[in-house]
Amino acid sequence: QAEYYRRLRNTLRYVLGNLAGFGEAERVAAAEMPELERWVLHRLAELQATLDKATTDYAYTGFYTALHNFCAVDLSAFYFDVRKDALYCDRPDSLRRRACRTVLDTLHRCLTTWLAPVLVFTAEEAHLARLADQGKPTDGESIHLQLFASVPAEWRDDALAAKWAKVRDLRRVVTGALEKARAA
């Protein structure tokens with residue numbers, strides 16, 4: 001459980017650290033985003049469907065396992081690793097960087113509201129930290145008074161997901177070979 005918590009907390013920390021100064025003027029519409037960002041939005045739509053089913057069935061355990069796997073495998077081990085150069089090196093006005101930060105803002109909203117029932121204090125702290133960064137008052141603005149984030153169903157794109165599954169498989173082979181070469 002401690003490892004699960006650490007992974008979720010570190011995901012929130014990464015998201016918050018890369019959202020500093022993000023504002024509405026920087027936001028990019030989903031249709032204008034690069035494929036990788038649209039893939040993350042697709043994954044959020046899949047998680048939304050899992051959450052909807054869990055809410056209907058009163059069976060949240062599977063949802064929180066899926067959410068942890070999303071944070072560990074899809075975000076930390078893949079998306080964050082691929083996009084760190086765009087976040088740190090691209091011009092602030094580049095489409096790729098702006099799209100990435102837009103996705104991070106969406107991730108923050110989803111993660112904080114979805115995690116609030118189980119990681120009460122962590123979700124609250126992440127929510128208040130984001131409000132403070134935006135210069136908004138934090139008094140009376142608890143995450144526990146918010147509804148679950150809801151993502152548009154049109155973000156779901158199974159063809160795009162299949163394409164990125166192949167890309168990730170190829171990436172695994174290449175990174176595995178690189179690790180062996182580094183070790184040698």
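Okay, charges to start with. The protein chain carries 26 positive and 25 negative charges, and their mean positions sit 6 Å apart. Keep in mind that this is a predicted model, so every number I give you is computed from that prediction.

Still on the whole chain, let's talk surface. The protein chain exposes about 10100 Å², with carbon and sulfur atoms supplying 57% of that. As for the inside, 41% of the 184 residues count as buried.

Now the fold. What are the elements, going from the N terminus on? They run α-α-α-α-α-α, which is to say six helices and zero strands. How does the radius of gyration compare with the globule rule? The protein chain comes out at 17 Å, close to the 16 Å that the rule gives for 184 residues, so it is as compact as a globular protein of that length. If you want a box for it, the C-alpha atoms fill roughly 55 × 40 × 35 Å along the principal axes. And on contacts: take the pairs at least 6 apart in sequence, and 78% of those contacts join residues at least 24 apart.

Right, some places to zoom in on. Let's go to helix H6, residues 158-183, and find Arg-171 there. Is Arg-171 buried, exposed or partly exposed? Its relative accessibility is 23%, so Arg-171 counts as partly exposed. Who does Arg-171 touch, once we leave aside neighbours within four places in sequence? The partners are Ala-77, Phe-78, Asp-81 and Val-82. Take Phe-78 from that list: Phe-78 and Arg-171 are 93 residues apart along the chain, yet their C-alpha atoms are separated by 9.4 Å.

Now look at that contact from the other end. Asp-81 belongs to helix H3, which covers residues 61-89. With a relative accessible area of 31%, Asp-81 is partly exposed. Leaving aside neighbours within four places in sequence, Asp-81 is in contact with Leu-75, Ser-76 and Arg-171. So we have a contact that links helix H3 and helix H6 through Asp-81 and Arg-171.

Stay in helix H6 for one more, Glu-179. Glu-179 is also partly exposed, at 45% relative accessible area. Measuring tape out, in the model: C-alpha to C-alpha, Glu-179 is 15 Å from Asp-81, and the two are 98 residues apart along the chain. From Glu-179 to Leu-75 the C-alpha separation is 20 Å, with those positions 104 residues apart in chain terms.

Over to helix H5, residues 120-133, where you'll find Leu-131. Leu-131 counts as buried, at 10% relative accessibility. Not counting residues up to four places away in sequence, Leu-131 touches Lys-136, Pro-137, Thr-138 and Glu-141. With Glu-141, the sequence gap is ten residues and the C-alpha distance is 8.6 Å.

Next, a backbone oddity. Tyr-58 has phi near 55 degrees, a positive value in a residue other than glycine. Most residues other than glycine have a negative phi. Where is Tyr-58? Look in the loop between helix H2, residues 35-57, and helix H3. Its relative accessible area is 71%, so Tyr-58 is exposed.

Last topic, cysteines. How many disulfides does the structure hold? Zero. A disulfide is a covalent bond between the sulfur atoms of two cysteines, so let's check a couple of sulfurs. Why is there no bond for Cys-89? The closest cysteine sulfur belongs to Cys-100 and is 12 Å away, which is too far for a bond. Cys-89 counts as exposed, because its relative accessibility is 62%.

Then there's Cys-110. Its closest cysteine sulfur is in Cys-71, 11 Å away, again too far for a bond. Is Cys-110 buried or exposed? Buried, at 2% relative accessibility.

That's my tour, happy to pull up any of these residues on the screen.

Technical notes:
Residues are numbered from 1 along each chain as its sequence is written. This is a predicted model: local features need pLDDT of at least 70, side-chain atom pairs count only at pLDDT 80 or more; totals for chains, interfaces and linings use all residues. Side-chain values use heavy atoms; hydrogens and water are left out. Helices (H or I, at least four residues) and strands (E, at least two) are DSSP runs, numbered from the N terminus. The radius of gyration is taken over C-alpha atoms; the globule rule is 2.2 Å times the number of residues to the power 0.38. Buried means under 20% relative accessible area, exposed over 50%, partly exposed in between (1.4 Å probe, protein chains only). Contact means heavy atoms within 4.5 Å. Accessible areas come from the Shrake-Rupley method with a 1.4 Å probe; for residues, only the protein chains shown count as cover. Lys and Arg count as positive and Asp and Glu as negative; His and the chain ends are not counted. The place of a charge is taken as NZ of Lys, CZ of Arg, CG of Asp or CD of Glu. A disulfide is a pair of cysteine sulfur atoms within 2.5 Å.
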